[in-house]
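Welcome to this short briefing. Please have a look at the model below, and then we can walk through it together.

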Amino acid sequence: MKKLILAFLFAASTHVAISAQSDNSTRLWYEKPASRFEEALPLGNGRIGLMVYGDVYKETFHLNEETLWGGGPANTSAPPNTVENLEKVRELLFQEKWSDASRVLRNIQGANSQSFVPMGDIFIEQFYNSQSTPRNYVRDLDLTTAIATTSYVVDTVNYRREIFVSAPDQIAVIKLSTSKKGELNFSISGNTPFDGATVKSIGNNEFYLSGQLPVDINSAGNFLLKYGDEKGQKGMRYQYRIKVLSDGFVSTHPFIRVNRATEATVLLSAATSFNGFDKRPDTEGKDENETVEKHLKKAMATPYEQLRQNHINDYQSYYNRLHLDIGGSSSANKPTDERLKDYTNGGDDVDLERLYFNFGRYLMISSSRPGGIPANLQGIWNKNQRPPWGSNYTVNINLQMNYWAAGMLNLNDLNEPLITQIRNMSVTGTQIAKNYYNLDGWTTHHNSDIWAHANPVGHQSGDPKWANWSLGSPWLSQHLYDYYRFSGDKNFLAETAYPLMKSAADFCLEWLVEKDGWLLTAPSTSPENVFIDDNGNNGVVTIASTMDMEIIWDLFTNLIEASEILRADNDKRQKWTEARKKLYPLRIGKEGNLIEWYKDWKDADPEHRHVSHLFGLHPGRQISPVLTPEFAQAAKKTLEVRGDGGTGWSKAWKVNFHARLLNGEHAYKMYRELLSKSTLPNLFDTHPPFQIDGNFGGISGVGEMLLQSHLNEIHLLPAIPQKWETGEVAGICARGAFEINMKWTKNKLISADITSKAGNECTLRTDVPLKIKGASAKTKKEGAYYVTSFKTQKDKIYHVEAK
């Protein structure tokens, strides 16, 4: 059949377009198929990921399974003489011989982390009994149900595809249907980007593809793929299996062909042999065939409508926890890509801003589920055999950014994969600390993977400005403590978070060295940035970078609080307190900026994408306009110098920075920048290329504009922009284990309902005086703010109104 150029095929009718826009903030929709990955629509259940293109003639689905990574358990042995080389590095740094120190530091580098890779592509080639041009084409993704559809008309026949990936049934489902009996004709095939795969048919309506990965697919991307090594180790096994249930004629050869059907349900099951970060996937792996068969068999016994409803009920149990209305208007009756173009050209579309926010929540629910592994640089959606940066876990901000929003946006339980990854990394990281540095505690460096890779990467040739950054464990420990602060779960604090945090502190205490009466880090970097010292020399490695000191300050502060809550470790608390006092301090430079380096040096790139030295502002809590106004002003000056440009995730971070500075207008400006200049047609964030951290960082910034709770108080509407002058949010969460519904008008709070999940005392900061129903409250005035405190009872709701 002759295929016409799609650009001339699809003209969506007016009535279809109007029905498509019933809610401009919960639905992505388009009038033509995707022509590239950046236009396709993502589906996922945390484990299985699909990218849906929506072509009328040959539909394409990129298939991912979250555990399909190269390699095997991490090798934690160190190169020769790493402890001695560390001492040499420190000697050179104290002599300010930056380049010499960098050269020696390369000797303290091991192998690169492994890559997250695609399982393959699935194709549905559809055949028609008419040469008519398809019309009334619409493809969409409904964020309220996590279901993608493609619909169109050929001649007088309506065609529809409905696709979802179910978490409760662990299956991907594709329903094809027509409005006229016997008009559905299609074939299904699949492939994989890796050699040696086997394809077999089973009966007349099922086939599977199975294979085994190369043993090494490291994230550097410049090594040949090897399907076995000198020790006989092989890579991970994988399989996907497809079965078709239809009222038509179904055959296999070995792929599937369906003729003269009216409807068909395609079931897709996929699995790997991954059996844990410390188990070889070839000899100690799970039986992927058994897993695939188990899920497929269960789905076959379940009616389609029940599969669909199971999926919706599960998904909505997460998605419906929060609702945001920020007023405004939208570009009605326009596809999402056209709305994005209008917005980029300066148009107003508050519903697009809300759509991006809801899409970010959707992505988190779809890529990070309890029992799984964390969302990586691309969530769970990657089509490349050698993806950018290995699609791995980049621990100097990107992995953490993926989870900033989880607690505040009522998805705290979706942190579970990250918590498990941290626990795994503490195991390998303990070995790395001992083998590389002869230190106690645990550490992790720039990159990690499904195997909890923790060593400094680079194969002794990587640039130390990224390869040798060593403070992943204290930064990741912040997420452990924040999980407790949002949940109020003291058992989790005592049994999981606190021991891991203490071990990270053990490493930090031994990593720190004393100089001129201060404790500082050596070697030290400000990740991926370059300084110019007083003599005009460029350097990447120094001592006591501001970010290092802020991260360690954050860990010690959290541990001091945690030990008081648990009434534990008085001696250690004293040690952490004394060490915190001696940490090399924050300083303000001659231009009013927060100093990034050991001294007030210039940056080789003044507008560098990383703004690492503002960690203390966000996600830390060492700097704030409320408690440290002078350092907050220095942070503001730093952001002025850095500018509003950068990569997508960098802009997302700046949304959070400006919100923490209580500058709602600039936070909103950065949110617009993120959507306008760093967002792809399918609303994925772009570095470039696609990185999901910007999506998650952006919605974290929205949360920070609406509510902040990092300072042990709840600041309502701390940075609400003028454009969102009227609105409401339901289900947003605060540290201290509070859930909040609130309304505002003219940028002022009207009322709020606060649910106390743990019975903690509640302290509110607002710019209007409050009255609290159901509690006796104390209020004090602090500058332009009212600070209101009252005791609460667990599970009780307190109504708050502006006086």
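Two bridges link strand E26 (residues 714-716) with E30, and the two strands run parallel. Please keep in mind that this is a predicted model. We begin with E30 and its partners, then turn to a small sheet, two buried residues and the chain as a whole.

**Strand E30 and its partners**

- Where does the pairing of E26 with E30 show up at the residue level? His715 has Arg765 in E30 as its bridge partner.
- On top of its parallel pairing with E26, E30 pairs with strand E33 (residues 785-790) in the antiparallel sense, over five bridges.
- Arg765 appears here too, with Val787 as its bridge partner in E33. Arg765 is thus worth finding in the viewer: His715 of E26 is matched with it, and so is Val787 of E33.
- As general background, strands of a sheet pair through backbone hydrogen bonds, in either a parallel or an antiparallel way.
- Is E30 enclosed or open? Five of the five residues of E30 (residues 762-766) are buried, so the strand is largely enclosed by the rest of the structure.
- The cover extends to both faces of E30: Cys762, Leu764 and Thr766 are buried on one side, and Thr763 and Arg765 are buried on the other.

**A three-stranded open sheet**

- Elsewhere, three strands make an open sheet with antiparallel pairing, in the order E23-E22-E24.
- Strand E23 (538-539) and strand E24 (602-603) are the edge strands, each pairing on one side only.
- Strand E22 (residues 531-532) pairs with E23 over two bridges, in the antiparallel sense.
- Within that pairing, Ile532 sits opposite Asn538 of E23.

**Leu749, a buried residue of strand E29**

- Leu749 belongs to strand E29 (residues 748-756) and is buried, with a relative accessible area of 5%.
- Beyond its neighbours within four places in sequence, Leu749 is in contact with Leu716, Leu717, Met742, Lys743, Trp744, Thr766, Val768, Leu770 and Ala802.
- Two of these contacts lead back to strands already described: Leu716 falls in E26, which spans residues 714-716, and Thr766 is one of the buried residues of E30.
- Leu716 is 33 residues away from Leu749 along the chain, and their C-alpha atoms are 7.7 Å apart.

**Ile124, a buried residue of strand E5**

- Ile124 lies in strand E5 (residues 120-127) and is buried, with a relative accessible area of 0%.
- Which residues surround Ile124, leaving aside its neighbours within four places in sequence? The contacts are Tyr57, Lys58, Glu59, Phe61, Ile174, Leu176, Phe186, Ser187 and Ile188.
- Trp744, a contact of Leu749, is 620 residues from Ile124 in sequence and 49 Å from it in space, C-alpha to C-alpha.

**The chain as a whole**

- The protein chain contains 19 helices and 34 strands. Its radius of gyration is 27 Å, close to the 28 Å that the globule rule gives for 803 residues, so the chain is as compact as a globular protein of that length.
- Along the principal axes, the C-alpha atoms fill a box of roughly 85 × 75 × 50 Å.
- Of the 803 residues, 64% count as buried.
- Among contacts between residues at least 6 apart in sequence, 71% join residues at least 24 apart.
- The accessible surface comes to about 28100 Å², and 47% of this belongs to carbon and sulfur atoms.
- There are 89 positive and 92 negative side chains, and the centres of the two sets are 2 Å apart.

Conventions. Residues numbered from 1 in each chain as written. Predicted model: local features only at pLDDT ≥ 70, side-chain atom pairs only at ≥ 80, totals over all residues. Heavy atoms only, no water. Helix = DSSP H or I, 4+ residues; strand = E, 2+ residues; numbered from the N terminus. Rg over C-alpha atoms; globule rule 2.2 N^0.38 Å. Buried < 20%, exposed > 50% of the residue type's maximum accessible area, 1.4 Å probe, protein only. Contact = heavy atoms within 4.5 Å. Areas by Shrake-Rupley, 256 points an atom, 1.4 Å probe, with all protein chains shown as cover. Lys, Arg positive; Asp, Glu negative; His and termini not counted. Charge placed at Lys NZ, Arg CZ, Asp CG, Glu CD. Pairing = 2+ DSSP bridges.
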